[in-house]
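Please open the model in your viewer and keep the sequence panel beside it. The stops below go from the whole chain to pairs of helices and then to single residues.

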Amino acid sequence: MRTLIAQTFTLQDVSKLRHVVAEHAETCGLHGPRLDDFVLAVHESVVNAVEHAGGWGRFKLYTVDGVICSETSDRGAGIPEPYVNGAKRPSDSSYTGRGIYLIRRLCDAADFRTGPTGTTVLLTMRLPRPAGRNSRGRMRRIRVTAPGGRPFGRFAA
């Protein structure tokens with residue numbers, strides 16, 4: 001496990017934390033829509049802690065076994081059961097419930113541990129395999145030829 005960030009946060013830290021998470025996630029290999037999705041999901045977890053759990057929390061970003069993980073913890077009263085599932089899309093007129101709904105759809109995995117003494121939100125996103133000799137990328141098509149440049153039948157690998 002490699003810890004990238006470990007800090008407490010308040011409302012004043014939310015914007016800066018979002019940018020730092022984006023930088024670290026990109027350095028770890030997330031790009032394009034997957035990077036945007038992960039950063040938005042992390043942002044939602046942090047904003048939820050600030051808005052619904054006393055205005056502050058603890059945040060940790062780390063990598064382990066080919067995934068990047070964020071852990072947002074607070075000391076709030078917990079998430080009400082109907083919201084934890086996050087399976088049903090909130091109505092367009094609903095004020096609450098969108099954050100968890102989004103989080104569950106943006107990351108590869110989202111785990112909510114919640115109770116009367118606080119909540120921990122663990123988000124994970126698989127990182128792309130690094131290019132190199134030992135990675136299994138797409139196979140290139142090659143043509144096998146005999147001496148003199150003539151192909152062996154119709155064989156192509």
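Contact here means heavy atoms within 4.5 Å. With that cut-off, and counting contacts in the protein chain between residues at least 6 apart in sequence, 56% join residues at least 24 apart. The model you are looking at is a predicted one.

**The whole chain**

Begin with a cartoon of the protein chain, in which you should find four helices and seven strands. Followed from the N terminus on, the elements run β-α-α-β-β-α-α-β-β-β-β. If you then colour by accessibility, buried residues make up 34% of the 157 residues.

**H1 against H2**

Next select helix H1, residues 14–27, together with helix H2, residues 32–52. The axes of H1 and H2 lie 10 Å apart, and the two helices pack at an angle of about 150°. Angles over 145 degrees count as roughly antiparallel, and H1 and H2 are therefore roughly antiparallel to each other. Their crossing is right-handed.

Now show side chains at this contact: from H1, display Val14, Leu17, Arg18, Val21, Ala22, Ala25 and Glu26, which meet Leu35, Phe38, Val39, Leu40, Val42, His43, Val46, Val47 and Val50 in H2. Coloured by class, the contact of H1 with H2 shows 13 nonpolar, one polar and two charged residues.

**H2 against H4**

Keep H2 on display and add helix H4, residues 98–106, whose axis lies 9 Å from that of H2, at a packing angle of about 150°. This angle makes H2 roughly antiparallel to H4. H2 passes H4 in a left-handed crossing, whereas the crossing of H1 and H2 is right-handed.

For the residues of this second contact, select Asp37, Leu40, Ala41, Glu44, Ser45 and Asn48 on H2, and Gly99, Ile100, Leu102, Ile103 and Leu106 on H4. By class, these comprise six nonpolar, three polar and two charged residues. Leu40 deserves a pause, as it takes part in the contact of H2 with H4 and also in that of H2 with H1.

**The buried residues of H4**

Stay on H4 and restrict the selection to its buried residues, which are Gly99, Ile100, Tyr101, Ile103 and Leu106. Which elements do the buried residues of H4 pack against? Besides H2, they pack against helix H3 (81–85), strand S4 (109–115) and strand S5 (118–126).

**Serine 73**

Move on to strand S3, residues 67–74, and pick out serine 73 within it. Is serine 73 buried or exposed? Its relative accessible area is 9%, so serine 73 is buried, the cut-off for buried being under 20%.

Then add threonine 120, which is 47 residues from serine 73 in sequence but 4.3 Å from it in space, C-alpha to C-alpha. The side chains of serine 73 and threonine 120 are joined by a polar contact of 3.2 Å. Leaving aside residues up to four places away in sequence, serine 73 touches Gly57, Arg58, Thr119 and Thr120.

**Aspartate 65**

End at aspartate 65, in the loop between strand S2 (56–64) and S3. Most residues other than glycine have a negative phi. Aspartate 65, although not a glycine, has a positive phi of about 50°. With a relative accessibility of 79%, aspartate 65 counts as exposed, whereas serine 73 is buried.

Methods
Residues numbered from 1 in each chain as written. Predicted model: local features only at pLDDT ≥ 70, side-chain atom pairs only at ≥ 80, totals over all residues. Heavy atoms only, no water. Axes fitted to C-alpha atoms, helices over the stretch in contact; angles between N-to-C directions. Parallel < 35°, antiparallel > 145°, perpendicular 65-115°, else oblique. Left-handed = near helix turned anticlockwise from the far one by under 90°. Nonpolar A, V, L, I, M, F, W, Y, C, P; charged D, E, K, R; others polar. Buried < 20%, exposed > 50% of the residue type's maximum accessible area, 1.4 Å probe, protein only. Polar contact = N/O pair within 3.5 Å; in protein donor to acceptor, adjacent residues only side chain to side chain.
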